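Please look at the sequence and the 3D structure shown here, and keep both in view while you read the report.

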Amino acid sequence: MIEKPQEPDSQSRTFFEMLGGTEKIREVVERFYDIMDTDPRAAGIRAMHAEDLTSAREKLFMFLTGWTGGPQLYIERYGHPRLRARHLPFAIGESARDQWMYCMIKALHETGVEEPVLTQLASVLYELADMMRNQQG
Ligand code: HEM
């Protein structure tokens, strides 16, 4: 009998579980904004953010916790994320999207997220980041 190849882990476990819960998500988000704050390659999107990144850090942590399959912290506090609408005030084109993904992939690497989770997560985040685009370039 020919056995079906095993389904990837992601079929049964959430990203929240595969990452290791809130502690890891907090670590990734902290690293993400540290990179955005200091890496010249992210200067374009850093300039769109408030000088104080505390609220952005907290909101992305809360959002990603729920979005990866953990507790719906963001929704409990702020209601439906309406992410695309909330990003409309910012001019987001391919360059901004790619800067955001650059920071995120670097943060995932630097916090020790391993393959295949890293690539799978980066790929679904890319789809979301691409949906935030609201202008050319
Ligand atoms: C595509 C490139 C993106 C850019 C340039 C961008 C930029 C921004 C900016 C400038 C803010 C306002 C932050 C502040 O208060 O200073 C923001 C808020 C936020 N972003 Fe993004 N973002 C991007 C993609 C994403 C993605 C992919 C996610 C989700 C995975 C996300 C999640 C959030 C959340 C949860 C907030 C807070 C919304 C609120 O409650 O006000 N962003 N983003």
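The sections that follow go through the ligand surroundings, two helix pairs, some single residues and the backbone.

## The surroundings of the ligand

The model is a predicted one, and a good place to begin is the shell of residues around its ligand. This shell has 22 residues, and those that come nearest to the ligand are Met48, Ala50, Lys59, Phe63 and Trp100. Two or more residues of the shell are given by each of the helices α4 (54-67), α6 (83-87), α7 (94-110) and α8 (117-131), and the largest share, 5 residues, comes from α4.

Sorted by class, the shell around the ligand is made up of 16 nonpolar residues, 3 polar residues and 3 charged residues.

## How α7 packs against α8

Two of the helices that contribute to the shell, α7 and α8, also pack against each other, at an angle of about 160° and with their axes 10 Å apart. Because angles over 145 degrees count as roughly antiparallel, α7 and α8 are described as roughly antiparallel to each other. Their crossing is right-handed.

On the α7 side the contact is made by Arg97, Trp100, Met101, Met104, Ile105 and Leu108, while α8 supplies Leu118, Leu121, Ala122, Leu125, Tyr126, Ala129 and Asp130. By class, this contact holds 11 nonpolar and 2 charged residues, with no polar ones. Trp100 thus appears in two places in this report, since this residue of α7 takes part in the helix contact and is also among the residues that come nearest to the ligand.

## How α2 packs against α4

The second pair joins helix α2 (residues 22-38) with α4, and their axes come within 9 Å and cross at roughly 140°. How should this pair be described, as roughly antiparallel or as oblique? Because roughly antiparallel requires an angle over 145 degrees, α2 and α4 are oblique to each other. The crossing of α2 and α4 is right-handed.

In this contact, Thr22, Ile25, Arg26, Val29, Glu30 and Tyr33 of α2 meet Ala56, Arg57, Leu60, Phe61, Leu64 and Thr65 of α4. The classes here are 7 nonpolar, 2 polar and 3 charged residues.

## Two residues with distant partners

Met36 has its place in helix α2. Because it has 24 C-beta neighbours inside 10 Å, Met36 counts as buried. If residues up to four places away in sequence are not counted, Met36 touches Ala42, Ile45, Arg46 and Cys103. Ala122, which is 86 residues from Met36 along the chain, has its C-alpha atom 17 Å from that of Met36.

Gly44 lies in helix α3 (residues 43-46) and is partly exposed, with 15 other C-beta atoms within 10 Å. Beyond its neighbours within four places in sequence, Gly44 is in contact with Ser95, Ala96 and Gln99. Gly44 and Ala96 are 52 residues apart in sequence, but from C-alpha to C-alpha they are 6.9 Å apart in space.

## Unusual points of the backbone

Most residues other than glycine have a negative phi, and most peptide bonds are trans. Where does the chain have a cis peptide bond? The cis bond joins Glu115 and Pro116, with an omega of about 5°, and Pro116 is found in the loop between α7 and α8.

Arg82 is not a glycine, yet it has a positive phi of about 40°. Arg82 lies in the loop between α5 (73-78) and α6, and with 10 C-beta neighbours inside 10 Å it counts as exposed.

Notes
Residues are numbered from 1 along each chain as its sequence is written. This is a predicted model: local features need pLDDT of at least 70, side-chain atom pairs count only at pLDDT 80 or more; totals for chains, interfaces and linings use all residues. A residue is near a molecule or strand if its C-beta atom, placed from the backbone, lies within 6 Å of it. Helices (H or I, at least four residues) and strands (E, at least two) are DSSP runs, numbered from the N terminus. Ala, Val, Leu, Ile, Met, Phe, Trp, Tyr, Cys and Pro count as nonpolar, Asp, Glu, Lys and Arg as charged, and the others, Gly among them, as polar. Axes are lines fitted to C-alpha atoms, for helices over the stretch in contact, and angles run from 0 to 180 degrees between N-to-C directions. Angles under 35 degrees count as roughly parallel, over 145 as roughly antiparallel, 65 to 115 as roughly perpendicular and the rest as oblique. A crossing is left-handed if the near helix is turned anticlockwise from the far one by less than a right angle, and right-handed if clockwise. Two residues are in contact if their C-beta atoms, placed from the backbone, lie within 7 Å. A residue is buried if 20 or more other C-beta atoms lie within 10 Å of its own, exposed if 12 or fewer, and partly exposed in between; C-beta atoms are placed from the backbone.
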